Amino acid sequence: MRCLVTGATGYIGGRLAPRLLAEGNEVRCLARRAGRLRDVPWISRVEVVEGDLSRPETLTGVFDGVDVAYYLVHSLGQPGFEAADRRAATAFAAAAHAAGVRRIVYLGGPELAAGDAATSAHLRSRSEVGRILLDSGVPTVVLRAAVIIGSGSASFEMLRYLTERLPVMVTPRWVANRIQPIAVDDVLRYLVGCAGLPPEVNRGFDIAGPDVLTFGEMMQRYARVAGLSRRLLVPVRPLTPALSSYWVGLVTPVPNALARPLVASLVHEAVAHEHDIATYLPDPPGGLTGFDRAVELALARVRDAEVETRWSTAAGPDAPAEPLPSDPDWSGGTAYTDLRERAVAAPPEALWRVIEGVGGEHGWYSFPLAWSVRGWLDRLAGGVGLRRGRRHPHHLRVGEALDFWRVEEIVPGELLRLRAEMRLPGQAWLEMQVRRDGAGQVQYRQRAVFLPRGLAGHAYWAAVAPFHALVFGGMARNIAEGAEQVAAEVQPPR
């Protein structure tokens, strides 16, 4: 079958596409910018088309010849996400129906009781999207999952960091609510299998793993699997979902904008009410993956640096489409630039190894306290901070998150360009480059570029410029010295 995957740059879509290929399907991926998928390992085997579900006029031809269309996008964490998701689902449904698509598959959230709809905009929106797709005139399957346990998922990262960093934790009432989590591999198995359901199936299905646990029990069992001591959980009734979401935002990599709807959805019990999906897609011979095993698999992926996708992979729709605006032919206004160049007594390969290893556990090669403080300030302002880290300790891909940056461009061995996603009164880029001068000497070239927005942007640059010699100057110096050290380590003994 020919399958259309929306959200292929995201957590689930980026894992679903290669699994559909493995089953012998043709895969077409819809992305706002095709370049975001350029570095994924399966890119040569799929067709990538550009389009934006928020702009129906860009969908012409996208659904032509498609048998099964997967709806795996959402605007969670962005202002007005309910209206944005409603418009996107409506455009998707209309385009799929007009093109004669045979099936729609949607991954949503647990169904809320009638009286609970007002308290979780996240789950309310997921349910609304499901209804729009079910009413599209195209046979639709809505898979309703609660917490997904897998390396890199937002729910797993929230659970992981809360448990590992807080041996003693004051907890709100919602940690006693029952949840039926599901392993990401089981979610993917259902998504792939739903492509072949008979055309008369047009309904929602609850999907969940075999264990029903409270969030507190999930923390204790995570601690046991991870080899940690038992956690002390102290219930505090006045700790509201809003307050606890700020706490989650400070302690975990999940920013406040995403933590708030996730926590709000945990206020309600999320237990499967039926297992009708087994009528069409029977459980595997060994049964569905239990919670402890799902945690073991996720931790093994993290330990072995084999995380396929992360919750932070997807970028918001307001991400700039054009690269940094500082070149001579750009005439859009003021662009502040900090430029550093250093000769490096090492081969280009050694310099590139240091450049591509920037961020995450390796840090930013200068004044760690300054970077840490900037990350905390960003978290306090509701930004993503530094804790998003990196997917792999040594290799980067275009489009993935790197602490509070996004990888915008990579030319292997030559160029790494990062776009800032911290809270700023403007837009910022950091560019690191391997070059040779006229004499053939290896050079490291580093450019920080800031495009201010209004008076606040100009004031911001003036305030931070005095620190650039310390931060950016030290960064350039340490990267050059790091490359020389790498080169010395690989030199054969004399």
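# Helix packing and a few odd residues: worked exercises

α6 makes a right-handed crossing with α10. Keep in mind throughout that the model is a predicted one.

**Exercise 1. Work out how α6 and α10 pack, and which residues do the job.**

Step 1: get the geometry. Two packed helices are described by the angle between their axes and the distance between the axes. For α6 (residues 215-225) and α10 (residues 291-303), the angle is about 55° and the axes are 10 Å apart.

Step 2: name the arrangement. Angles under 35 degrees count as roughly parallel and 65 to 115 as roughly perpendicular. The pair α6 and α10 is therefore oblique.

Step 3: list who meets whom. From α6 come Met218, Arg221, Tyr222, Arg224 and Val225, and they meet Phe291, Asp292, Val295, Glu296 and Leu299 of α10. Sorted by class, the contact has six nonpolar and four charged residues, with no polar ones.

**Exercise 2. Describe helix α2, from its length to what covers it and what comes after it.**

Step 1: check the span. α2 covers residues 81-98, which is 18 residues, and runs 26 Å from first to last C-alpha, close to the expected 26 Å.

Step 2: find the buried side. Phe81, Asp85, Ala88, Ala89, Ala91, Phe92, Ala93, Ala95 and Ala96 are the buried residues of α2. Their cover includes the strands β1 (2-6), β4 (68-71) and β5 (103-108), along with helix α3 (121-134).

Step 3: look past the end. Alanine 99 sits in the loop between α2 and β5. With a relative accessible area of 30%, alanine 99 is partly exposed. Setting aside residues up to four places away in sequence, alanine 99 touches Phe63 and Asp64. Its C-alpha is also 8.4 Å from that of glycine 61, although the two are 38 residues apart in sequence. Glycine 100, which follows α2, has a positive phi near 75°.

**Exercise 3. How do the axes of α2 and α3 cross, and which residues meet?**

Step 1: take the numbers. The axes of α2 and α3 come within 9 Å and cross at roughly 15°. That makes the two helices roughly parallel, and α2 passes α3 in a right-handed crossing.

Step 2: fill in the contact. On the α2 side are Phe81, Glu82, Asp85, Arg86, Ala89, Thr90, Phe92 and Ala93; they meet Ala121, His122, Arg124, Ser125, Glu128, Val129, Ile132 and Leu133 of α3. This contact splits into eight nonpolar, three polar and five charged residues.

**Exercise 4. Two residues other than glycine have a positive phi: phenylalanine 367 and aspartate 403. Say where each sits, and whether it is buried or partly exposed.**

Step 1: recall the background. Most residues other than glycine have a negative phi.

Step 2: take phenylalanine 367. Its phi is near 40°, and it belongs to the loop between α11 (348-356) and α12 (368-380). A relative accessible area of 35% puts phenylalanine 367 in the partly exposed class.

Step 3: take aspartate 403. Here phi is near 55°, and the residue is in the loop between β15 (401-402) and β16 (405-411). Aspartate 403 has 3% relative accessibility and counts as buried.

**Exercise 5. Place tyrosine 161 and isoleucine 410 in their surroundings, then ask how enclosed α11 is.**

Step 1: start with tyrosine 161. It's in helix α4 (residues 154-165). Buried means under 20% relative accessible area, so tyrosine 161 makes the cut at 15%. Beyond the four places either side in sequence, tyrosine 161 touches Leu166, Val251, Thr252, Pro253 and Arg387. Of these, valine 251 is 90 residues away in sequence and 6.9 Å away in space, C-alpha to C-alpha.

Step 2: move to isoleucine 410, a residue of strand β16. It is buried, at 7% relative accessible area. Neighbours within four places aside, isoleucine 410 contacts Arg38, Asp39, Trp352, Leu396, Arg397, Val398, Leu415 and Leu416. The C-alpha of leucine 396, 14 residues off along the chain, is separated from that of isoleucine 410 by 8.2 Å.

Step 3: follow Trp352, one of those contacts, to α11. Trp352 is among the buried residues of α11, together with Pro348, Ala350, Leu351, Val354, Ile355 and Glu356. Seven of the nine residues of α11 are buried, so the rest of the structure largely encloses this helix.

Terms used: Residues are numbered from 1 along each chain as its sequence is written. This is a predicted model: local features need pLDDT of at least 70, side-chain atom pairs count only at pLDDT 80 or more; totals for chains, interfaces and linings use all residues. Side-chain values use heavy atoms; hydrogens and water are left out. Helices (H or I, at least four residues) and strands (E, at least two) are DSSP runs, numbered from the N terminus. The expected span of a helix is 1.5 Å times one less than its number of residues. Buried means under 20% relative accessible area, exposed over 50%, partly exposed in between (1.4 Å probe, protein chains only). Contact means heavy atoms within 4.5 Å. Axes are lines fitted to C-alpha atoms, for helices over the stretch in contact, and angles run from 0 to 180 degrees between N-to-C directions. Angles under 35 degrees count as roughly parallel, over 145 as roughly antiparallel, 65 to 115 as roughly perpendicular and the rest as oblique. A crossing is left-handed if the near helix is turned anticlockwise from the far one by less than a right angle, and right-handed if clockwise. Ala, Val, Leu, Ile, Met, Phe, Trp, Tyr, Cys and Pro count as nonpolar, Asp, Glu, Lys and Arg as charged, and the others, Gly among them, as polar.
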